[in-house]
Structure formats: C-alpha cells, structure tokens
Amino acid sequence: MASDTITITDNRTGKTYDLPITDGTVKALDLRKIKVDDDDFGLMTYDPAFMNTASCRSEITFIDGDKGILEYRGYPIEQLAEKSTYLETAYLLIHGELPTGKQLEEWEYEICHHTILNENFRKLVDSFRYDAHPMGRLISSVAALGTIYPESKDIFNLDTRHKQIVRLIAKIITIAAFNYRHTIGMPYAYPDNDLTYTGNFLNMMFRMTEHKYEVNPVLSRALDVLFILHADHEQNCSTNAMRAVGSSHVDPYSAVAAAAAALYGPLHGGANEAVLQMLTEIGSVKNVPDFIKRVKAGDGTKLMGFGHRVYKNYDPRAKIIKRVADEVFEVTGRNPLLDIALELERIALEDEYFVKRKLYPNVDFYSGLIYQALRFPTSMFTVLFAIPRVSGWLSQWQEMLLDPDQKIARPRQIFKGSPRRDYVRMENRSK
Ligand code: CMC
C-alpha cells in the first residue's frame, strides 16, 4: 500500500523514521526528530540560496519553467497581457479574483486619486544630488514615504492595509517621475487624473510646457503590457526580501524599500540594462557571429538576456515583449539595435551550445529596447521593473501576514567558527 510518507534510516544510529510528505515536501522541522542522542539538536537541512526549499504556501503565481508557463492566480500571462490592464492585474494579484466592472472602476478611481505626493516630499526629492541613481532615490523615497503615514504600522487592520496598498501602487509612479525630473532639472509635473495609470506616468515623466499632455495610446498600452509582465514572479530574490522583512511586522513602506533594494542588484533587476550595453558594444549585425564565438569560448562573455534559473524554455514574457516591440517601433521608428538582437536570437536558437544548455531569451532581452524607444534613460530600467512589481510584493506580503504558518523569518546556520576562547589583552596578541 503506497502511503504519503518517507522512511529515513539514520545510519549513525540504525533508527528509522517515518515522515509525512505533504504537497511534495517534508517539513524541515520533522527532521529535528532525527537525533544521535537526547543532547543532539536534531538534523537540519543545508540549503544556501533556497535552491530546494519552499519557504511558503502561495496561491498567487505559478511557474512551470520547463514548459514556459507563467500564471497569475491561474490566469495565463498571455491572456492577461492581451486582455487585461496593469491595474486590473494588480487587483487580481492582491484580491485573488478578477474585479467586477464596479470593483475595477472603484479600484482605478482610488489609485488615480492617491498619486499625489505630500508637498513636503518635494524637499526630500530636491535633496538628492542631481546625478543620484534612480534606484537609490526610489528605495530611500519609498522608505521616507512611510514616515508620512504612521498608521501604516497597523498592518493587521484590513482597512489600513488596503489604504497603504493603494497609496504605494499609486505614489510609486509619482516618486519615480519626480526623481527623474529633478535629475534633468525640469519642474515637477503633477499627476493628471484624467489619464490611465501608465498615461499619467508618461505625463509626469515627459510633459513639457503643454497644458495637457497628449498620451500616445500605443505607447501607454505597451508600457501597460510590460507592467503586467513584470507584476509578479513568485519567490524571487526581492519577493523573498519583502516577505522576510515584512515578517518582522514592519510597515509596508519599509518592506517595499527593502524589496526594491534587493531588485537593484545586477543579478536581479539590472540585466535589461546590460543587454542594451551588450547590443551597443556589438554595434552591427556583421559582428554577431564573432560575439557568439566569444560567448562559446567561455571567456566569461555572456549573452545577456539569455538563460534563466527557472525557465529552461522560451520565457513566455519574452515572446509577448517581442510582439510589443514591433508595435512600439511602428510609432517610434525602429530601434537600430533590434536587428542585432534578432540576429543574436536567430543564431543562438540554432546553435548547439545554447540548445544543449536550454538557453532561451528571457524577459530582459527585448524590454530594454522598448524602454529606450519610449525615451526612458537606461539608468531607469530597474525602476520600470520595480513600479509594477510593487503590486506583486504587496500581494505576497499580505498573503504572508495572513498565513498562520508564518513567523518571523529566521534561518539557522551551521557554525564553523572558533570554539569558545578567552579574550586576549592587546599586549599579548601576536603581531
Ligand atoms: N550566455 C552564455 N552562457 C550561459 C548563459 C548566457 N546568458 N547563461 C547560462 N550560460 C551557460 C553557463 O555558462 C553554464 O554553462 P556550463 O554548463 O558550460 O558551465 C550553463 O549555461 C548553465 O548556466 P548556469 O549559470 O548554471 O545557469 P543559472 O540558472 O545559474 O543562471 C542566469 C541563470 C539567468 C543567471 C544566467 O543564465 C545568466 O547569467 N544569464 C544572463 C543574465 C540575464 O539575462 N539575467 C536575467 C534573468 S531574467 C530576469 C528575472 O526574471 O529576474
């Protein structure tokens, strides 16, 4: 008779243990029963970087990396990218279901009417050096925003939580845009509530002297689709930071600032910028074969925007982005780097080196080309990743808070340092 258990024999003692298997996992705490003697702490698992450890149960995002599947709350990313909007997708992530017409109207109204920043906040933005990195600005600004809303500490009050979620999703575009305007020495452009979320963001970024900013619907829709694609990606580095920091029951502004800091790292949110640098360096389609040769020679050169820890197939987001790129270039004119990207992809997908290693284009391969065509500076690319990810972080944070299994995150360690020893006075230390 098959049973959902695993029998482990400890060869140190000859004892056997039956441990339950639930959802394809054993509870790490169950291993603690496995001891050599009563004084033994019990067996632990060693898993740096959580390569094979589920840290939570989640109902938000599903990824099957081998098949190239990504779903938010069960809805395939392809359908959301085609039929939904970023704000509707954010509602879905946070509430678990698609909104009714009335719910969506209220949600859009709420977000739209919270985009304005407390006027004191301008002084904070003004205080950065003109050339401060947009991500450093974003991280500090979000943390500072929390100081304006002390009630945000009341994280178990549903209404308060909802208010902060709305504020964060709404104000993140204003924070990003104000910081950009400060960098280029332009007066801040205030939100315009007649516009869509992405239209309003483009307005705050790029409005010049015109009374009303004219949003190009193709460009704002393209940005909206990119926001849908970046909204969540289950337990990645920044989401893990959001959950870990949030598990101390800090306010959500501080937790989002921590998650954004994790995203800032080049191994996480910075690859789209690297793709653009790579394409610029290659410079021309005729140089592509030589570049591929260098990558294959293993001299440390990587084909940036290719490969993924989870996807061992075409990243479903990359397919959608490629289509969006065509639509954007119809309006903005073709980005000359696109031909280099297409040739790189064509050669790589036929080449044994890449095929054998299951290296396919990931989300970052084409997104930078679109951001560039939309006139965003390269240094803002990670900000464009962070803006939509705020809704994913907040939905994961809320799920963590309401999960009775969760406690303050606190991993164990294997201590390999010096055993106890007595303090040595300075004059007795060897030189
Ligand atoms: N170009 C050339 N070779 C590569 C690449 C690449 N982009 N990616 C992996 N490889 C090789 C790697 O050298 C290794 O070869 P070998 O077996 O001969 O040693 C093999 O493929 C397996 O790679 P890995 O390093 O074990 O794979 P990983 O899962 O640890 O790394 C990755 C995943 C995304 C860090 C890596 O593919 C990479 O550095 N890609 C380029 C950077 C990039 O585009 N990052 C964006 C990720 S998507 C954004 C997000 O979702 O957050």
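A polar contact is taken here as a pair of N or O atoms within 3.5 Å. By that criterion, a polar side-chain atom of Tyr353 makes such a contact with a nitrogen atom of the ligand, at 3.1 Å. The model examined here is a predicted one, and the ligand site is a convenient place to begin.

The shell around the ligand comprises 19 residues, of which Lys302, Leu303, Gly305, Phe306 and Asn362 come nearest. Sorted by class, this shell has eight nonpolar, five polar and six charged residues. Two of the nearest residues also offer polar partners to ligand oxygen: a polar backbone atom of Gly305 lies 2.8 Å from an oxygen atom of the ligand, and an N or O atom in the side chain of Asn362 is 2.9 Å from an oxygen atom of the ligand. Taken alone, the ligand exposes 950 Å², and the protein buries 67% of that area.

Attention then turns to the charged pairs. Side chains of opposite charge can pair when their charged atoms come close. The structure holds 23 salt bridges, and three of them are described here in turn.

In one, the side chains of Asp30 and Lys33 meet with an N to O distance of 3.6 Å. Asp30 counts as buried because its relative accessibility, 14%, is under the 20% cut-off. Lys33, at 49% relative accessibility, counts as partly exposed.

Another salt bridge brings together the side chains of Arg57 and Asp405, again with 3.6 Å from N to O. This pair links distant parts of the chain, 348 residues apart: Arg57 sits in the loop between strand S2 (15-20) and strand S3 (61-64), while Asp405 belongs to the segment after helix H17 (381-402). Arg57 is partly exposed, with a relative accessible area of 45%. Asp405 has a relative accessible area of 56%, which is over 50%, and therefore counts as exposed.

The remaining example joins Asp192 to Lys212, with the closest N and O atoms 2.8 Å apart. Here, too, distant parts of the chain are linked: Asp192 lies in the loop between helix H6 (158-184) and helix H7 (197-206), and Lys212 in the loop between H7 and helix H8 (217-230), 20 residues apart. Asp192 is buried, with a relative accessible area of 13%, whereas Lys212 is partly exposed at 38%. Elsewhere, salt bridges that share partners join Asp23, Arg57 and Asp405 into one network.

Definitions and conventions
Residues numbered from 1 in each chain as written. Predicted model: local features only at pLDDT ≥ 70, side-chain atom pairs only at ≥ 80, totals over all residues. Heavy atoms only, no water. Near = heavy atom within 4 Å. Polar contact = N/O pair within 3.5 Å; in protein donor to acceptor, adjacent residues only side chain to side chain. Areas by Shrake-Rupley, 256 points an atom, 1.4 Å probe, with all protein chains shown as cover. Nonpolar A, V, L, I, M, F, W, Y, C, P; charged D, E, K, R; others polar. Salt bridge = Lys/Arg side-chain N within 4 Å of Asp/Glu carboxyl O. Buried < 20%, exposed > 50% of the residue type's maximum accessible area, 1.4 Å probe, protein only. Helix = DSSP H or I, 4+ residues; strand = E, 2+ residues; numbered from the N terminus.
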